[in-house]
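Work through the exercises below with the sequence and the model side by side. Each task is followed by a solution in steps.

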Amino acid sequence: MRLGKRLLFLTSVTAITVCVTSCSGSEELSRVGEASVIGVWKGKNGETVKLQKDHRFTASGVDWESVSPGSGCPQGEGAGSWAFWGSDPGSPETSAALEKYVEGDTVNLSFDGVEQGSCLTNLNAVDDGSSLCLSDDIEVPCSLGIRLSPQRSGVS
């Protein structure tokens with residue numbers, strides 16, 4: 001009986017460890033520059049985000065109602081402006097998404113015609129900058145489970 005309890009304990013510890021490791025959102029962010037993110041990014045289920053040099057973007061193929069219910073994000077195709085999150089050297093305790101920041105690990109998407117704060121959407125650079133994860137949670141880089149890969153044709 002003692003062996004059975006010990007085996008059950010070890011199995012439970014292993015299961016908890018696997019869940020904490022894979023479920024915690026411990027994805028490591030990568031610092032990237034503008035040139036690394038400009039272009040078309042696609043997900044495995046047809047999600048597409050195009051980031052342009054002029055800090056405009058288009059997004060399509062994301063079923064917001066399924067991945068982030070009640071978020072206020074536009075269904076179908078959407079457009080807006082993008083910027084890296086950053087902090088000024090004089091006030092590192094505050095951050096904002098501003099066009100003046102030319103690098104970072106998180107790109108904020110702000111949809112046209114959507115009330116400020118009703119659609120929190122970020123693209124987080126992961127995999128040494130070779131992927132962007134769509135997230136609606138500032139603490140969990142890949143919270144929506146959508147990982148985008150670059151499609152370098154069509155850069156504007």
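**Exercise 1. Strand β2 and its partners**

Task: Determine how strand β2 is joined to strand β3, and in which sense the two run.

Solution. The structure is a predicted model. Start with the two residue ranges: β2 covers residues 39-42 and β3 covers residues 48-51. The two strands run antiparallel and are joined by 4 bridges. For a specific pair, take Trp41, whose bridge partner in β3 is Val49. Next, look at the connection: β2 and β3 form a hairpin with 5 residues between them. In that turn, Gly46 has a positive phi of about 90°.

Then turn to the other pairing of β2. Strand β11 (residues 146-151) is joined to β2 by 3 bridges, again in an antiparallel arrangement. Here Lys42 stands opposite Ser149 of β11.

**Exercise 2. The surroundings of Ser131**

Task: Place Ser131 in the fold, decide whether Ser131 is buried or exposed, and list what surrounds the residue.

Solution. First, the location: Ser131 belongs to strand β10, which spans residues 131-135. Second, the accessibility: the relative accessible area of Ser131 is 6%. The cut-off for buried is under 20%, so Ser131 is buried. Third, the side chain: Ser131 and Asp127 are joined through their side chains by a polar contact of 2.9 Å. Fourth, the contacts beyond four places in sequence: Ser131 meets Trp41, Asn124, Ala125, Val126, Arg147 and Leu148. Two of these names recur in other solutions: Trp41 is the β2 residue bridged to Val49, and Asn124 is the bridge partner of Thr106 in β9.

**Exercise 3. Ser30 and a distant stretch of chain**

Task: Find which residues Ser30 touches, leaving out residues up to four places away in sequence.

Solution. Begin with the position of Ser30, in the loop between α1 (2-23) and β1 (32-33). Its relative accessibility is 12%, so Ser30 counts as buried. Now list the contacts: Ser30 touches Gly104, Asp105, Ala125, Val126, Asp127, Asp128 and Gly129. One of these, Asp127, is 97 residues away along the chain, yet the C-alpha atoms of Ser30 and Asp127 are separated by 7.1 Å. Finally, check the polar atoms: the side chain of Ser30 reaches the backbone nitrogen of Asp128 at 3.1 Å.

For the protein as a whole, consider the contacts with a separation of 6 or more: 49% of them are between residues 24 or more positions apart.

**Exercise 4. Two positive phi values outside glycine**

Task: Compare the settings of His55 and Asp128: which of them is buried, and which is exposed?

Solution. Recall the general rule first. Most residues other than glycine have a negative phi. His55 has a positive phi, near 65°, and Asp128 has one of about 55°. Next, locate both: His55 lies in the loop between β3 and β4 (56-60), and Asp128 lies in the loop between β9 (121-126) and β10. Last, read the accessibility. His55 has a relative accessible area of 6%, so the residue is buried. Asp128 stands at 76%, so this residue counts as exposed.

**Exercise 5. Strand β8 and the largest pocket**

Task: Explain why β8 is described as largely enclosed, then identify its neighbours and its link to the largest pocket.

Solution. Count the buried residues of β8: 5 of the 6 are buried, so the strand is largely enclosed by the rest of the structure. Then take the pairings. With β5, strand β8 shares 5 bridges in the antiparallel sense, and Gly80 stands opposite Phe111 of β8. With β9, strand β8 shares 4 bridges, also antiparallel, including the pair Thr106 and Asn124.

Now examine the pocket. The largest pocket has a volume of about 270 Å³. It is lined by 17 residues, and the closest to its centre are Asn108, Leu109, Ser110, Gln116 and Gly117. The elements giving two or more residues to this lining are β5 (78-86) and β8 (106-111).

**Exercise 6. The overall inventory**

Task: State how many helices and strands the protein has, and what share of its residues is buried.

Solution. The protein has 3 helices and 11 strands. Their order along the sequence is α-β-α-β-β-β-α-β-β-β-β-β-β-β. Of the 156 residues, 33% are buried. The exposed surface comes to about 9200 Å², with carbon and sulfur atoms supplying 53% of it.

Technical notes. Residues are numbered from 1 along each chain as its sequence is written. This is a predicted model: local features need pLDDT of at least 70, side-chain atom pairs count only at pLDDT 80 or more; totals for chains, interfaces and linings use all residues. Side-chain values use heavy atoms; hydrogens and water are left out. Buried means under 20% relative accessible area, exposed over 50%, partly exposed in between (1.4 Å probe, protein chains only). Contact means heavy atoms within 4.5 Å. Accessible areas come from the Shrake-Rupley method with a 1.4 Å probe; for residues, only the protein chains shown count as cover. A polar contact is a pair of N or O atoms within 3.5 Å; within protein, one must be able to donate a hydrogen and the other to accept it, and residues adjacent in sequence count only if both atoms are side-chain atoms. Two strands pair if DSSP finds at least two bridges between them. On a 1 Å grid over the protein atoms alone, a cavity is a set of points where a 1.4 Å probe fits but cannot get out, and a pocket is an open set with protein on both sides within 12 Å along at least five of seven lines; lining residues have an atom within 4 Å of a point. Grid points are joined across faces, edges and corners, and a volume is the space filled by probe spheres set on the points.
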